[in-house]
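Here is a short set of exercises to work through with the model open beside you. Try each task on your own before reading the solution.

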Amino acid sequence: PHITSLENGSISNLAPFGALIISIIFVIYFFIRFYLLEGYLLKKIYGKTYTSMSEIVRRGFVNHHIAGATKLTILIFAAYPFIDVAFGSSNLHSPFAGSKYVTQGDMLIVAAQALMAMYVFELFYRPKISPVSAGHHIGTIMVGQSAIAISLNWIHEKDATIEFILCTVWGAFDIVSEFLPHISIILYRVYPTRHNFLRKLFRISALTTLTGTVAETIVTMWLFGSLWDRWTLAFKIVTPLLHALFMSCQMWGSWNFYKMYKKQEQLLARQNGKG
């Protein structure tokens, strides 16, 4: 794979400004959440369905909109630099779409900060979150920020570049496989009595998250093994353990969607029985 030929070096000239970047993203999330979604858009689109929600459900509903929109935005703007750097022919300092000022690394570091900011936002905003989700989010935040931090000292951290690229692979699978679940929960809140529709939707969500987890494991471990000689001992030990943590969290999510699918199947059977 192309990643094996990437030389160790800095990720982006924006890396030292990571705290500023994530702070700006937090401010953007605040304006979107407070003024756009809660202040106008969700009331306009969903009406009484939204306004009659309990505080816990409402916050979760808002969070799924922000998370889904964030992942879609990242997918649109960062898919090209990710694929080109990890599997194509570019490096992190190659121009982005022919730009004289923006590099592939610039786009990837902003995308990474946006994804981590989304998880921080969820940890603070949602009044109720499962320990599994909390562990996944905290792990993602710590691993991602660590990858950016060690890149600042890349001369002494020989696996700085490949660690960041591996993190983008994790993030890419997370974005793709976890996008549909956000849509599923939103539709579940909007159409709670459409059991046949929800049954199909939750079944697809369970399958996509499961398939995504299996594909992620294959690709990340393939890349990890391909780079075995370039990893320090610490990363040789920690990386598989971290992946096992992420994989278990994603499998837990698949299991939950499977249970929701079975519940909708039971409700549909009761509904048909009454009919």
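**Exercise 1. An aromatic cluster**

Which residues do ring pairs link into a cluster? Please keep in mind that this is a predicted model.

Solution. Start with the count: the structure holds 19 aromatic pairs. Next, take one of them, F30 with Y35, whose ring centres are 6.0 Å apart and whose planes meet at 85°. An angle over 60 degrees counts as edge-to-face, and F30 with Y35 is accordingly described as edge-to-face. Then follow the ring pairs to the cluster, which consists of F30, F31, F34 and Y35. Finally, look at the cover around F30: its relative accessibility is 35%, so F30 is classed as partly exposed.

**Exercise 2. Two rings, two environments**

Describe the geometry of the pair F82 and F87, then state whether each residue is buried or partly exposed.

Solution. A pair of aromatic rings is described by the distance of the centres and the angle of the planes. For F82 and F87 the centres lie 6.0 Å apart and the planes are at 85°, an edge-to-face arrangement. Now turn to accessibility, where the cut-off for buried is under 20%. F82 has a relative accessible area of 14%, so F82 is buried. F87 has 38% relative accessibility and therefore counts as partly exposed.

**Exercise 3. An arginine and its rings**

Over which rings does R194 lie, and how far is it from each ring centre?

Solution. First find Y191: the charged end of R194 sits over this ring, with 5.0 Å to the centre. Then go to F197, where R194 lies over the face of the ring at 5.1 Å from the centre.

**Exercise 4. Checking the cysteines**

How many disulfides are counted? Explain the result for C167 and C249.

Solution. The step that matters is the cut-off: a disulfide needs two cysteine sulfur atoms within 2.5 Å. For C167, the nearest cysteine sulfur is that of C249, at 15 Å, so by the cut-off C167 is in no disulfide. The search from C249 leads back to the sulfur of C167, again at 15 Å. The count is zero disulfides. As for their surroundings, C167 is buried at 14% relative accessibility, and C249 is buried at 11%.

Now continue from C167 to S177, 10 residues apart from it along the chain; the two C-alpha atoms are separated by 15 Å. S177 is found in helix 6, residues 160-177, and its relative accessible area of 6% makes it buried.

**Exercise 5. A nonpolar patch**

Which residues make the nonpolar surface patch, and which helix gives the largest share?

Solution. Begin by selecting L14, F17, L20, I24, I28, I32, L36 and V110, which together make a patch of about 650 Å². Then sort them by element: helix 1, residues 18-46, supplies five residues, the largest share. L14 lies in the segment before helix 1, and with a relative accessible area of 30% L14 is partly exposed.

**Exercise 6. An unusual backbone angle**

What is the approximate phi of A97, and where does A97 lie?

Solution. Recall the background: most residues other than glycine have a negative phi. A97 has a positive phi, near 50°. To place A97, look at the loop between helix 3 (55-86) and helix 4 (104-125). With 60% relative accessibility, A97 counts as exposed.

Technical notes
Residues are numbered from 1 along each chain as its sequence is written. This is a predicted model: local features need pLDDT of at least 70, side-chain atom pairs count only at pLDDT 80 or more; totals for chains, interfaces and linings use all residues. Side-chain values use heavy atoms; hydrogens and water are left out. Patches are made of residues with over 30% relative accessible area and no salt bridge: like charges are joined within 9 Å, nonpolar side chains (Val, Leu, Ile, Met, Phe, Trp, Tyr) within 5 Å. Accessible areas come from the Shrake-Rupley method with a 1.4 Å probe; for residues, only the protein chains shown count as cover. A salt bridge is a side-chain nitrogen of Lys or Arg within 4 Å of a carboxyl oxygen of Asp or Glu. Helices (H or I, at least four residues) and strands (E, at least two) are DSSP runs, numbered from the N terminus. Buried means under 20% relative accessible area, exposed over 50%, partly exposed in between (1.4 Å probe, protein chains only). Rings of Phe, Tyr and Trp (its six-membered ring) pair if their centres lie within 6.5 Å; planes under 30 degrees apart count as stacked, over 60 as edge-to-face and the rest as tilted. A charge sits over a ring if NZ of Lys or CZ of Arg is within 6 Å of the ring centre and within 35 degrees of the ring normal.
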